Amino acid sequence: MSKLKMMIVPALALASFATAMPVAASAQPMPRGPAHASAQSLNSFVERKIELERRVDRAAAQRRLTAREARDFKRELAAIERQARASMRNGLSRQERQALDRQLDRFEQKLERESRPQFRPQPGRR
């Protein structure tokens with residue numbers, strides 16, 4: 001074998017291996033472990049919290065909540081967030097995720113109930 005062939009053959013083999021490796025790696029499924037589940041839970045929790053904050057702001061802007069009620073709702077939501085962050089430090093278990101979801105569900109129900117427009121008869125009208 002000539003000296004040129006001895007250098008080219010391994011170089012071609014290495015090049016073909018180097019180009020095939022990223023393709024094989026990209027075909028592998030994404031790792032799904034506790035860290036992935038925790039990040040996914042955090043993202044869904046943050047999105048839901050942001051939406052609830054918007055709803056509190058909207059209800060206050062539409063005067064369905066007083067400024068004090070809106071502030072109290074935001075404090076309650078901040079407390080839920082602090083609890084979630086403390087739980088997420090060591091990773092969330094399924095039970096902890098479900099407990100946080102239940103807290104947000106109760107918060108959402110309370111917001112709906114208290115920000116519902118009140119239809120009271122005007123004095124002097126029937």
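There are 13 salt bridges in this structure, each one a side-chain nitrogen of Lys or Arg within 4 Å of a carboxyl oxygen of Asp or Glu. Before going further, keep in mind that this is a predicted model: local features need pLDDT of at least 70, side-chain atom pairs count only at pLDDT 80 or more, and totals for chains, interfaces and linings use all residues. Residues are numbered from 1 along each chain as its sequence is written, and side-chain values use heavy atoms, with hydrogens and water left out.

Here are some of the bridges.

| Salt bridge | N to O distance |
|---|---|
| Asp 105 and Arg 48 | 2.3 Å |
| Glu 76 and Lys 110 | 3.0 Å |
| Arg 58 and Glu 51 | 3.8 Å |

Take the Asp 105 and Arg 48 bridge. Asp 105 sits in helix H4 (residues 94–115) and Arg 48 in helix H2 (residues 34–61), so this pair ties together parts that are 57 residues apart in sequence. Helices here are DSSP runs of H or I with at least four residues, strands are E runs of at least two, and both are numbered from the N terminus. For burial, the cut-offs are under 20% relative accessible area for buried, over 50% for exposed, and partly exposed in between, using a 1.4 Å probe and protein chains only. On that scale Asp 105 is partly exposed at 34%, and Arg 48 is partly exposed at 21%.

Both residues also belong to a salt-bridge network, which links Arg 48, Arg 55, Asp 101, Asp 105, Glu 108 and Glu 112.

The bridge between Glu 76 and Lys 110 also links distant parts of the chain, with Glu 76 in helix H3 (residues 67–88), Lys 110 in helix H4, and their positions 34 residues apart. Glu 76 has 28% relative accessibility, which makes it partly exposed, and Lys 110 comes out as partly exposed too, at 27%. As for the Arg 58 and Glu 51 bridge, Arg 58 is partly exposed at 41% and Glu 51 is partly exposed at 34%.

Now for the aromatics. The count comes to one aromatic pair; the rule is that rings of Phe, Tyr and Trp (its six-membered ring) pair if their centres lie within 6.5 Å, with planes under 30 degrees apart counted as stacked, over 60 as edge-to-face and the rest as tilted. The pair is Phe 73 with Phe 107, arranged edge-to-face, with 5.5 Å centre to centre and 90° between the planes. Phe 73 belongs to helix H3 and Phe 107 to helix H4, so the rings tie together parts that are 34 residues apart in sequence. Both rings belong to buried residues: Phe 73 has 3% relative accessibility and Phe 107 has 1%.

Staying with helix H4, Ser 115 lies in it and is buried, with a relative accessible area of 3%. A polar atom of the Ser 115 side chain lies 2.6 Å from the backbone oxygen of Leu 111. Leaving aside residues up to four places away in sequence, Ser 115 touches Ala 59, Arg 64 and Leu 65, where a contact means heavy atoms within 4.5 Å.

The loops have a couple of residues worth a look. Leu 92 is in the loop between H3 and H4, and it is buried, at 12% relative accessible area. Leu 92 and Leu 42 are 50 residues apart in sequence, while their C-alpha atoms are 9.2 Å apart in space. Arg 63 is in the loop between H2 and H3 and is exposed, at 76% relative accessibility. What about its backbone? Phi of Arg 63 is near 60°, a positive value in a residue other than glycine. Most residues other than glycine have a negative phi.

Finally, the whole chain. The protein chain has four helices and zero strands, giving the pattern α-α-α-α along the sequence. Of its 126 residues, 19% are buried. Among contacts with a separation of 6 or more, 73% are between residues 24 or more positions apart. The exposed area is about 10,200 Å², and carbon and sulfur atoms supply 55% of it; the areas come from the Shrake-Rupley method with a 1.4 Å probe, and for residues only the protein chains shown count as cover.

Definitions and conventions:
A polar contact is a pair of N or O atoms within 3.5 Å; within protein, one must be able to donate a hydrogen and the other to accept it, and residues adjacent in sequence count only if both atoms are side-chain atoms.
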